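Student: I'd like a close look at one helix and what surrounds it. Could you take me through that slowly, and then show me how some other helices sit against each other?

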Amino acid sequence: DRARLMRLMRRTAGAALKVCCINLATQVLAIAGRERGGGACFAAAACKRVGAPWVPVQGMFRQNAAASGRRLLSTVPVSEIVMAAQAPAVAVPASRRLCVAPMMDWTDRFDRAFLRKFSKNTWLYTEMVTTGAIIHGNQDRHLQFFKDEHPIALQLGGSDPNDLAKCAAIAETYGYDEINLNVGCPSERVSSGSFGACLMAEPELVRDCVAAMKAVVKVPVTVKHRIGIDDMQSYEQLCNFVSTVHEGGCNTFIVHARIAVLKGLSPKENRQVPPLKYDFVYNLKRDFPHLEIIINGGITDLEQAKGHLEGGKVDGVMIGRSAYHEPFRILGNADREIYGDANGYSKTRQQVVDEMLPFIEEQLAAGVSLNSITRHMLGLFHGCQGGRQFRRHLADYVHKNDSGLHTFLDAVDKVPEEIRRGTAASDNPKTPYGDRALDRDSDSETVTLSPVHVEVG
């Protein structure tokens, strides 16, 4: 209704004021004036009184003079706008009870289409996409996804509020359900670009980045971060980071329960050497009960996930490598065990194969290579009789010129039918993946995909 619209506009204008984005604030206020009943004439007259030219662009009135914008803002009760922007956040429903982490070179759209076959409720996250790639690169290549992937979040990498706002607005037109900012990647290459985990040292900048994105999108803007970096390791510093970023409008924090050592440890070491401190994440939920807190790091099965969720210690759990290596074991019962959804997915491996066949056929017809899809499916028969032969057949034949849907079907036939249809006692192994499994998480830069090796550029 009109009153709610006005409140939203004032909140947006207040957020713009916080980051000194005067032009954006004047745009919003000009629209607010129009919505009050003055129409385009009201906005045009307001701009004319302060000497600011305007042009209508999809209903937005683009102000071109910051000084004129300040004069326009002087006629508005700024204190009221700022108070609206600082109003307490409403608790977010715990819809992200289970998430699959963003993983470079792994969680692309083909992998997400595959993972979605196992769970209809689990949130899926894209690989991190930098602002430069979206602004200067092929947007469809970086942002397109399949309609069945929802709920899906885009993870952005960047540190410039204007660039992030531009990319968030573009991403929203593609239909993403959430925009996530990467403040957790410890890669030296990422840090040299002034984004990732190094941003934890600049909570005010992260706040401004969130506020800029919030001002231009309707979907939630979330932040994924570590519990600290280098010399910033105290719980008090973590609380300061969260409270500061929350001022920008972030209500959901995905917290990897390790610090990131930016100098001296590789990305792989950064997910093994720093100790897990789950109590830091639990305490965040205790001290910020109005925020949605999702825990990440070292979680390898649903029993562990349920342990973290028990008693409201956190609102959600994010799993990385385990979900990729063993999707059937991790996601196959997630709808029922994590979401309590009696109507959720509960499929056999054969059902997943059957549902993937038309998808693979369609993508092959569109010119997609078979390996682009099946490389993400190597864990489908992990720990099962015939699983190694399944992976080996794909490794031997997927790159041949005559490879096609029959190549995948021949690989599937290496697994006994009773395993595929879920009737064998060993069908659902409970042991987590071992040393022979793929080695990867959201922060590393080298993918070892037995028997295929991929280096992320």
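Tutor: Let's start with helix H13, which runs over residues 278–287. Keep in mind that this is a predicted model. Four residues of H13 are buried: Phe 280, Val 281, Leu 284 and Lys 285. Look at how they are spread around the helix. They cover an arc of only 140° around the axis, so they sit on the same side of H13. There's a neat general reason for a pattern like this: an α-helix has 3.6 residues a turn, so residues three or four places apart point the same way.

What lies over those buried residues? The cover includes three strands, E7 (221–229), E8 (252–260) and E9 (292–296), along with helix H11 (235–247).

Now follow H11, since this helix also packs against another one, H10 (residues 203–214). The axes of H10 and H11 are 7 Å apart, and the angle between them is about 30°. That angle is under 35 degrees, which means H10 is roughly parallel to H11. Their crossing is right-handed. On the H10 side you'll find Pro 203, Glu 204, Val 206, Arg 207 and Val 210, and they meet Asn 240, Phe 241, Thr 244, Val 245 and Glu 247 of H11. Sort the residues of this contact by class and you get five nonpolar, two polar and three charged.

For another pairing, go further along the chain to H18 (residues 349–365) and H21 (residues 405–412). Here the angle is about 165°, with the axes 10 Å apart. Since an angle over 145 degrees counts as roughly antiparallel, H18 is roughly antiparallel to H21. The crossing of H18 and H21 is right-handed. H18 brings Gln 350, Val 353, Leu 357, Ile 360, Glu 361 and Leu 364 to the contact, while H21 brings Leu 405, Phe 408, Leu 409 and Val 412. By class, the contact of H18 with H21 has eight nonpolar residues, one polar and one charged.

Finally, step back to the whole protein. There are 22 helices and 12 strands, and 54% of the 457 residues count as buried. Contacts also reach across the sequence: among those between residues at least 6 apart, 73% join residues at least 24 apart. You've already met a case of elements from separate stretches coming together, with strand E7 (221–229) and strand E9 (292–296) both helping to cover the buried residues of H13.

Notes
Residues are numbered from 1 along each chain as its sequence is written. This is a predicted model: local features need pLDDT of at least 70, side-chain atom pairs count only at pLDDT 80 or more; totals for chains, interfaces and linings use all residues. Side-chain values use heavy atoms; hydrogens and water are left out. Axes are lines fitted to C-alpha atoms, for helices over the stretch in contact, and angles run from 0 to 180 degrees between N-to-C directions. Helices (H or I, at least four residues) and strands (E, at least two) are DSSP runs, numbered from the N terminus. Angles under 35 degrees count as roughly parallel, over 145 as roughly antiparallel, 65 to 115 as roughly perpendicular and the rest as oblique. A crossing is left-handed if the near helix is turned anticlockwise from the far one by less than a right angle, and right-handed if clockwise. Contact means heavy atoms within 4.5 Å. Ala, Val, Leu, Ile, Met, Phe, Trp, Tyr, Cys and Pro count as nonpolar, Asp, Glu, Lys and Arg as charged, and the others, Gly among them, as polar. Buried means under 20% relative accessible area, exposed over 50%, partly exposed in between (1.4 Å probe, protein chains only). The arc is that of the directions from the helix axis to the C-beta atoms.
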